[in-house]
Amino acid sequence: MKPAGKKFLTVIIIAASLISLLSVSSLGAVIANKSDYNCTSARLQSIIDKYSGTYWNGSFGGARKCKGFADKIFNEMYGNGGIGQYNQNGNHYYIPNPVKAVEVGRYDRKASFEELASLMKKAHSGDYVQWSRGYSQHSAIFVSCDDNGMYIFDCNYISPNKCGVHYVTFSKLAAKNVGISVYNSTSSETPIQATAPKQEAKIQPEPEKEKLKVVSEDLKLEYQETCDIKTTGDYNVTVWESSDTTVAIVTDSGKVIGVGNGTAVIFATDESGTIDACNVEVHYSEHKELMDSVFTGFDFNEILLAGALAS
């Protein structure tokens with residue numbers, strides 16, 4: 001065979017191998033039947049029934065894909081706004097500051113088959129699972145397990161953006177993980193809505209409370225300019241957050257301050273756990289360089305925030 005022909009054959013073999021690897025990258029996952037697993041949470045099962053087989057390409061709390069979906073489901077179950085951010089250094093396999101949740105267990109290294117089985121037998125339906133495979137991380141909601149593996153409810157694992165419950169064996173996960181953790185919510189489950197009994201006509205049902213809505217349009221600010229974000233709803237806003245504090249910071253009262261060139265998202269969370277947001281675009285003003293030179297050595301963002309709080 002000519003050298004060119006050998007090179008072509010080599011390329012074909014390598015391509016076939018890559019396709020084979022990609023085809024099993026999801027560990028052969030398929031949506032499980034309800035009879036296959038033992039979900040002990042009626043609330044979780046109702047949410048599974050709602051999303052199973054659908055495709056979700058949204059975001060929740062600034063997160064997308066599997067993380068955004070898992071946080072969304074955790075919030076639908078417990079009203080805590082999601083689990084919180086995973087660790088930022090190294091592999092993303094644990095949550096440093098879980099929101100209204102406690103860590104059931106964690107391995108800061110590759111966990112073996114036996115260790116995975118022991119850890120997951122401590123979990124309950126509705127717990128939050130976070131693990132890393134070194135080159136990627138995954139977030140999911142635990143459903144149930146047996147001696148050889150576990151059923152999890154997630155998105156973007158079975159196929160891109162697809163939601164459902166599927167089975168992951170401990171042996172395959174043990175071969176790929178570099179760290180894993182499990183979390184249990186400290187909040188009670190949100191009760192499943194039931195059909196209300198019939199009442200006499202003279203009894204009027206209590207009106208449903210209005211959830212949080214950010215009514216401010218997307219903001220455009222100059223450097224150091226401030227703006228109060230307007231909201232509606234019957235619940236108090238308890239948390240204000242900025243997706244990028246190098247662009248915009250926000251006070252506990254919802255006052256936004258432009259501190260750097262770029263765009264950011266301002267998130268508001270009310271007492272019911274409802275989250276809404278608006279975008280803010282910040283442009284440097286003409287005297288930005290002057291202010292930087294005057295306040296060299298100081299955290300000017302802290303100075304701006306202190307001034308906004310004082311006003």
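Contact here means heavy atoms within 4.5 Å. The structure is a predicted model, in which local features need pLDDT of at least 70 and side-chain atom pairs count only at pLDDT 80 or more, while totals for chains, interfaces and linings use all residues. Residues are numbered from 1 along each chain as its sequence is written, and side-chain values use heavy atoms, with hydrogens and water left out.

The protein holds 7 helices and 17 strands, taken as DSSP runs (helices: H or I, at least four residues; strands: E, at least two) and numbered from the N terminus. Of its 311 residues, 42% count as buried, where buried is under 20% relative accessible area, exposed is over 50% and partly exposed lies in between (1.4 Å probe, protein chains only). Among contacts with a separation of 6 or more, 60% are between residues 24 or more positions apart.

A good place to start is the open sheet of 6 strands, whose order is S3-S8-S4-S5-S6-S7 and whose pairing is antiparallel; two strands pair if DSSP finds at least two bridges between them. Strand S3 (101-107) and strand S7 (163-169) each have a single partner strand, so one side of each is left without a neighbour in the sheet. On average, neighbouring strands of this sheet are turned by 30° against each other, direction ignored. Axes are lines fitted to C-alpha atoms, for helices over the stretch in contact, and angles run from 0 to 180 degrees between N-to-C directions. S3 and strand S8 (residues 179-185) run antiparallel and are joined by 6 bridges, and Ala101 has Ser185 of S8 as its bridge partner.

Two helices lie across strands of this sheet. H3 lies across S3, S4 (128-132), S5 (137-145), S6 (149-155), S7 and S8, at about 45° to S5. Helix H4 (residues 113-120) lies across S3, S4, S5, S6 and S8, and runs at about 5° to S8.

Another open sheet has 4 strands in the order S10-S17-S16-S13, with mixed pairing. Its edge strands are S10 (219-222) and S13, each pairing on one side only. Neighbouring strands here are turned by 25° against each other on average, direction ignored. S10 runs parallel to strand S17 (residues 275-283), to which 4 bridges join it; the bridge partner of Lys220 is Glu281, and that of Glu222 is His283. The side chains of S10 alternate: Leu219 and Leu221 point to one face and are buried, whereas Lys220 and Glu222 point to the other and are not.

The second largest pocket has a volume of about 490 Å³. Of its 24 lining residues, Asn80, Gly81, Val99, Glu241 and Thr269 are the closest to its centre. Helix H3 (65-78), strand S13 (237-242) and strand S16 (262-270) are the elements giving two or more residues to the lining, and S13 provides the largest share, 4 residues. A pocket is an open set of points on a 1 Å grid over the protein atoms alone, where a 1.4 Å probe fits, with protein on both sides within 12 Å along at least five of seven lines; lining residues have an atom within 4 Å of a point. Grid points are joined across faces, edges and corners, and the volume is the space filled by probe spheres set on the points.

Finally, Tyr55 sits in the loop between helix H2 (42-51) and strand S1 (59-60) and is exposed, with a relative accessible area of 54%. Leaving aside neighbours within four places in sequence, Tyr55 is in contact with Ser159, Pro160, Asn161 and Lys162.
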